[in-house]
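Trainee: Could we go through this one together? I'd like to see how each label is earned.

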Amino acid sequence: MTAVEMTLAPAPSIDLPTQPRSRARHLRSLLLGLVLPVGLGAAWELAVHLGWSDGRLVPPPSVIFATLWELARTGELWTHTQATVLRVAAGFALGVVAGTLVGAIAGYSSLSRRVLDPTLQALRSIPSIAWVPLFILWFGIFEASKVALIAVGVFFPVYLGVMGAILSVDRKIVEVGRAFRLSGPALVRRILLPAVLPSYIVSLRSGLGLGWMFVVAAELLGASEGLGYLLMDGQQLGKPAQIVAAIVAFAIIGKTTDWLIEVATAPLLRWQDAYGQQAGEA
Amino acid sequence: MLALDQVGKTYPNGVNALERFSASIKPGEIIAVIGGSGCGKSTLLRAIAGLDRASRGTITLDGDIITAPHPKIGIIFQEPRLLPWLSVADNVAFGLDGLSKQERTARVTEALKRVGLADKAGVWPRELSGGQAQRVAIARALVPRPEVLLLDEPFSALDAFTRRDLQDHLLDLWADSRPTLILVTHDVDEAVVLADRIVVMRPRPGRLFEEIPVFLSRPRDRASALFEDLKRRVLTSLDQSLDRAVPDRQDKPVSGEAMWW
Ligand SMILES: Nc1ncnc2c1ncn2[C@@H]1O[C@H](COP(=O)(O)OP(=O)(O)O)[C@@H](O)[C@H]1O
Ligand SMILES: [Mg+2]
């Protein structure tokens, strides 16, 4: 240890001292992000209030919230949300399990990659809605076909994410494991898994995003309950406020589930360079 | 005793990277391997580490033939290669599986103290400077108490000041348990300051060109005349190994890391 390094070294970089400041910044950037939607909503509310528009096709926020409140009060919102969330949960679970397994196999063994990947890439390029008729024939018109469609949507980003992550694991770090004579399973557990974790989580999040997209498609195409059904129902009965209310519900649940993944996995990723935080502050 | 007998390596693409390399290295000896780029230094080291298998010849450590990484052989790479998801202390403990938790903590604490990073035990690798990270890598390689420690240009990515510091540090640590050190370098200064014996290699195919013993006592004075003489000798040998005309070095001052590579 040289004197220079000792004096130049920053104080032990525990996170504590910087936290209050970064929290304040976090709050500020959150508020900054709210300016636009809140401002637009308020302006529209005012316009309808002043009679510049009747707000029939584009209901103002107050009407939307009243509708949401009404749906919640009658318990309808809960029934529909539950139906949708369960579908996404089932499809997401299936898609993640399949995507992780197949992605891991394709990433780990180059032979199976050469066998599997071309086919999967070809399947991936099919617009997923095109599967719907086939899934309905195969799985019937009820839950199974919807869950299958969501699972397909979730599968591909997870598959690609896992395979890509395994392929891009730094060979040099794997070599460290070899130099310390780790067995195959230990190498997977102590080197490969932690190394792929960050991109795995990203792929889970994009898989979930697609899951939410596909549940709408599935429910629009025929369902007797679910937020997608609320959308369709709103259209058929000419109730734009109900449509927007359902959209708002989708947005809130989608964002919440994404946030849940983020929060649940954050402790696993504390070691990463805090690039996102810095970029956010800049 | 580490013995290399006619070791050769041809890569699958046909490159003959190493040819008939023989040496026997006593326990505790410090060997510096020096030579132009592409003359098989890394190939040699990786074969001793068991990370690659030699195509010809045998490498034995105390009678064990080396074909895979061996518990008594440690390696330090040019980059620290710390695992970014482990704290500094956990990185150092990475190779200490068989031990009790208590013993492990004791060794890690001691090693971090020895490399002057006791206060960094809990931080992530990304918070370290290049020199600090490489010291952690040295600690990680040393805690399992290897009998042979291989170093592939371990300090070449560092600035001159940090490099000197780490060279001294390495000698210090070596004095604790006196493992055999095999150090690949392209820094003539480094070779002369550290080694008991300097192995000069030549390229195409990579092979041994000359061995230069270093009979200087430690600690070595980098400014002494004997030191300068040895440096000149090594530089001359390097020039010859690359079939270059040997410039008359007698009256010119030697300017540290030469331009030879
Ligand atoms: N994995 C490899 N596959 C094929 N050729 C290699 C490989 N590694 C090194 N080589 C070749 O072997 C020769 C010696 O390389 P290396 O041992 O890395 O040299 P040095 O470390 O002395 O610079 C070089 O010509 C290099 O291109
Ligand atoms: Mg090399």
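Mentor: Sure, here are a few labels and the reasoning behind them, bearing in mind that this is a predicted model.

Trainee: What makes E6(B) and E10(B) edge strands?

Mentor: The open sheet of chain B has six strands in the order E6-E7-E8-E3-E9-E10, with mixed pairing. Strand E6 (73-76) and strand E10 (207-213) each pair on one side only, and that is what an edge strand is here. Neighbouring strands are turned by 20 degrees against each other on average, ignoring direction.

Trainee: How do you know that E3(B) and E8(B) pair?

Mentor: Pairing takes at least two bridges. Strand E3 (residues 30-35) and strand E8 (residues 180-185) of chain B have five, in the parallel sense, so the label holds by that cut-off. One of the bridge partnerships joins B:Ala32 to B:Leu183 of E8(B).

Trainee: And what lies across E3, E9 and E10 of chain B?

Mentor: Helix H7 (residues 225-241) of chain B, running at about 165 degrees to E10(B).

Trainee: Over in chain A, which residues make the contact between H8(A) and H9(A)?

Mentor: The axes of the two helices come within 10 Å and cross at roughly 145 degrees. H8(A) brings A:Ile173, A:Val174, A:Gly177 and A:Arg178, while H9(A) brings A:Leu187, A:Ile191 and A:Leu192. These divide into five nonpolar, one polar and one charged; Gly counts as polar, so A:Gly177 is the polar one.

Trainee: Which residues touch the most other members of the largest nonpolar core?

Mentor: Among its 88 residues, they are B:Leu2, B:Leu4, B:Phe21, B:Leu150 and B:Ile182. Apart from that core lies another, of 52 residues, including B:Ile76 and B:Leu82.

Technical notes:
Residues numbered from 1 in each chain as written. Chains lettered and ligands numbered in written order. Predicted model: local features only at pLDDT ≥ 70, side-chain atom pairs only at ≥ 80, totals over all residues. Heavy atoms only, no water. Axes fitted to C-alpha atoms, helices over the stretch in contact; angles between N-to-C directions. Helix = DSSP H or I, 4+ residues; strand = E, 2+ residues; numbered from the N terminus. Contact = heavy atoms within 4.5 Å. Core = buried A, V, L, I, M, F, W, Y, C linked by side-chain atoms within 4.5 Å. Buried < 20%, exposed > 50% of the residue type's maximum accessible area, 1.4 Å probe, protein only.
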